[in-house]
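Visitor: Could you walk me through a close look at one part, the surroundings of the aromatic rings? Please spell out the cut-offs as you go.

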Amino acid sequence: MRLLFAGTPEIAVPTLQALEDAGHEVVVVLTQPDAPGRRGRTLHPSPVKAHALERGLDVWTPEKASAPDVVERIRALEIDAAAVVAYGQILRPALLDAVRLAWVNLHFSVLPAWRGAAPVQRAIMAGDDVTGASTFVIEKGLDTGPVIGVLTERIRATDTAGTLLERLAEVGAPLMVQSLEALDSGAARPQPQDDDGVSYAHKLARDDAYVRWDLSAHLVDRRIRGCTPAPGAWTTLPDGTVAKLGPVSPRPQRGRTAPGQLREEGGEVLVGTGTEPVALGWIAPAGRKPMDAAAWWRGARLGEGAQLGEA
């Protein structure tokens, strides 16, 4: 098949690689324009662009993929179908009509659950036991198109959004290949999404990543894992400065501590919650790299009863 691929972050790369490995011709790759890194003004290519250039593929980085000139350029390529993984732009009807079969999106949830920008993060934060990946035909609505294929994946107790996304990206890549090939052969029978079970995974804001220590330990745990690595769970230190936090471990046998209060016990740094305390894994005070919580505690010399977050 003559394919267009649209994607931007690292989690899109396995699907691009799988399409190449399956022998399909990736005629052009769409990805977001080069963007500044975390520090400085130097522009960096997206992971998809970097991979595509290494493979000698033609890469386009339009500010607006649905602009008329881009649509006409794509139409002239006589593309059979387009594969989309976390591209990051809204695709307008004229663009969707510019390929022979369809634009197919790989979405990291079992649709219609968790439509939207942050399905994996929201699934972890909600305490879901199972998630998955779905391929669907893109239409005007937000992740509402008919579903071609689905797979499921169990959410592990230690999964962060980062580790789960990496796993779904790997297992989802063959699903995209199978879905496109089924569309091309006529074997696919895309099914409309059920109106029942719809939920929305709104993009995470900084406030979503703030750790409320008055919540129960399992909710604190979910929030931190769902926000790792981005946008990054955070709290305030006793001096009012901000620190980011890595995943924590509930410690139900350690006795209760007031929400947010710190103490050291058995070589671990414990923080009180609305139920049992949790053990900190790593912490990154503002302007510093992540460090083991025990090492941070020894250097900070805060003393028992020091408070994280609002008192």
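Guide: Let's start with burial: a residue is buried under 20% relative accessible area, exposed over 50% and partly exposed in between, using a 1.4 Å probe and protein chains only. By that yardstick, Tyr-210 and Trp-234 are both buried. Keep in mind that this is a predicted model, where local features need pLDDT of at least 70, side-chain atom pairs count only at pLDDT 80 or more, and totals for chains, interfaces and linings use all residues. Residues are numbered from 1 along each chain as its sequence is written, and side-chain values use heavy atoms, with hydrogens and water left out.

Now the rings. Those of Phe, Tyr and Trp (its six-membered ring) pair if their centres lie within 6.5 Å; planes under 30 degrees apart are stacked, over 60 edge-to-face, and the rest tilted. The structure has 2 aromatic pairs. One of them joins Tyr-210 and Trp-234, a tilted pair with 4.8 Å between centres and 55 degrees between planes. Tyr-210 sits in the loop between strand S11 (200–201) and helix H7 (217–226), while Trp-234 belongs to strand S12 (residues 234–236), so this pair ties together parts 24 residues apart in sequence. (Helices, H or I of at least four residues, and strands, E of at least two, are DSSP runs numbered from the N terminus.)

Trp-234 has a charged partner too: the charged end of Arg-206 is over its ring, 3.9 Å from the centre. For that label, NZ of Lys or CZ of Arg must be within 6 Å of the ring centre and within 35 degrees of the ring normal. Elsewhere, Arg-73 lies over the face of Trp-60, 3.8 Å from the ring centre.
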